[in-house]
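Student: I have a model open and I'd like to learn how to read its ligand site and its helix packing. Where do we start?

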Amino acid sequence: MIDIKNIRKDFPVLNTAVYGNPLIYLDNAATAQKPECVIQTVDELYRTCNANIHRGVHFMSEQCTEKYEQAREKIRQFINAEKKAEIIFTSGTTGAINTVATSFGERFVSSEDEIIISEMEHHSNIVPWQLLCERKGAKIKIIPFDDKGILRTDLLDELINERTKIIAVTHASNVLGTINPIKQIIAKAHKYNIPVLVDGAQAVPHENVDVRDLDCDFYVFSGHKLYAPTGTGVLYGKEKLLEQMPPYQGGGDMIATVTFEKTTYAPLPLKFEAGTLNFTDVIALGAAIDYINKTGLQNIAEYEHQLLDYATRKLLAIEGLKIYGEAAEKVALVSFLLNNIHHLDTGMILDKKGIAVRTGALCAEPLLAHFGKTGMVRASFAFYNTFDEIDALCENLEKISLMFK
Ligand code: PLP
């Protein structure tokens, strides 16, 4: 059970006033707010324990290294990876996908090869593959979705062929909310010996993820959407694949030995962690995981589903409001348009009431093009949101609708 009163006390920013109104923060899919324990972790580290990791023999360096490696272990347990070596810290989902597209691409993709992605990808899971294809002369194929926002996985057999080198697909859409049947997609891909990268940016904050049960080859997500500081992210990769891939970047910490003639690389995961990483915030990511575990991902998921059902029902009751994304299995977000009112007008008027929603192309232009749109409004929920906040959103949308009549 979510004890909403106490939960809200854990997130100091929720007390902020916006233009004299209490903040109603419904932009959690873009970035989530941070609990006190995460803020305190960062604050305390800079006050009491700040030294570069994996380098010094001095006390503070060893303390920071230990905390950083503890965070890696927390992530390993959180997604049930087999080994710590398979958990690589990155700057975010984007950093992780670029790492795989570049490094896996360098090793395994050649001219005329094919990469399959879906029509509902965030730009982060499109552009890195396009860059790879431009470098290698490879091409991208697309799994389409239907008008309800459900992926046409029935077409996978037609899309896959002997030139398919990887399938990269989102676990949950940041626009439609659709939770894709990735276990099924992975099983199919593996029949053809094709590895699968799963973009978990929108799934990890809401659903229990077990990378061994999914049997995915890569799973990526961002810390900042998971109540942790910005500039943190995770790349999970199967050890066997990561071992075969060249380093993404060169620099300190990723080497075993360096001479001007030849460099050898550090073992996993450090081979993929060149330079000074954002170690303070990674340690705070560990604190965010502790907080989620304490709250219970199952409790979070149940409460957010109630919020989603309530919001969907109330929004659909508003005349002229259309929701994009009608899959039965969704994460807690709703993208919509209200009559012919421009998404920016809706967003700006809501903002004046203290209600923060996302507007625009939502970093998914091809997805929006499916519906012939260039922008939408998105309300995305976290477990600190309330039913009253959804009421306030809907009341204000009713008013906006009247204003433009
Ligand atoms: N993938 C999905 C599905 C997302 O929703 C986002 C961010 O909104 C990203 C990737 C990119 O995440 P980041 O900007 O944290 O790297």
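Tutor: With a definition: a residue is near a molecule if one of its heavy atoms lies within 4 Å of it. Keep in mind that this is a predicted model.

Student: Okay, how many residues surround the ligand, and which are the closest?

Tutor: There are 13 around the ligand, and the closest are Thr 94, Asp 199, Gln 202, Ser 222 and Lys 225.

Student: What about polar contacts to the ligand's nitrogen and oxygen atoms?

Tutor: Look for pairs of N or O atoms within 3.5 Å. Here, a ligand nitrogen sits 2.5 Å from a side-chain N or O atom of Asp 199. A ligand oxygen is 2.7 Å from such an atom in the side chain of Gln 202, and the side chain of Ser 222 also has an N or O atom 2.7 Å from a ligand oxygen.

Student: Now the helices. Are H11 and H14 roughly parallel or roughly antiparallel?

Tutor: Angles under 35 degrees count as roughly parallel, over 145 as roughly antiparallel. The axes of H11 (residues 297–316) and H14 (residues 387–403) come within 10 Å and cross at roughly 20°, so the two are roughly parallel. Their crossing is right-handed. The residues in contact include Tyr 303 and Leu 307 of H11 and Phe 387 and Ile 390 of H14; by class there are ten nonpolar, one polar and two charged.

Student: And how do H2 and H10 cross?

Tutor: At roughly 150°, with the axes of H2 (residues 36–48) and H10 (residues 279–295) coming within 8 Å. That makes H2 roughly antiparallel to H10, and the crossing is right-handed.

How values were computed: Residues numbered from 1 in each chain as written. Predicted model: local features only at pLDDT ≥ 70, side-chain atom pairs only at ≥ 80, totals over all residues. Heavy atoms only, no water. Axes fitted to C-alpha atoms, helices over the stretch in contact; angles between N-to-C directions. Helix = DSSP H or I, 4+ residues; strand = E, 2+ residues; numbered from the N terminus. Parallel < 35°, antiparallel > 145°, perpendicular 65-115°, else oblique. Left-handed = near helix turned anticlockwise from the far one by under 90°. Contact = heavy atoms within 4.5 Å. Nonpolar A, V, L, I, M, F, W, Y, C, P; charged D, E, K, R; others polar. Polar contact = N/O pair within 3.5 Å; in protein donor to acceptor, adjacent residues only side chain to side chain.
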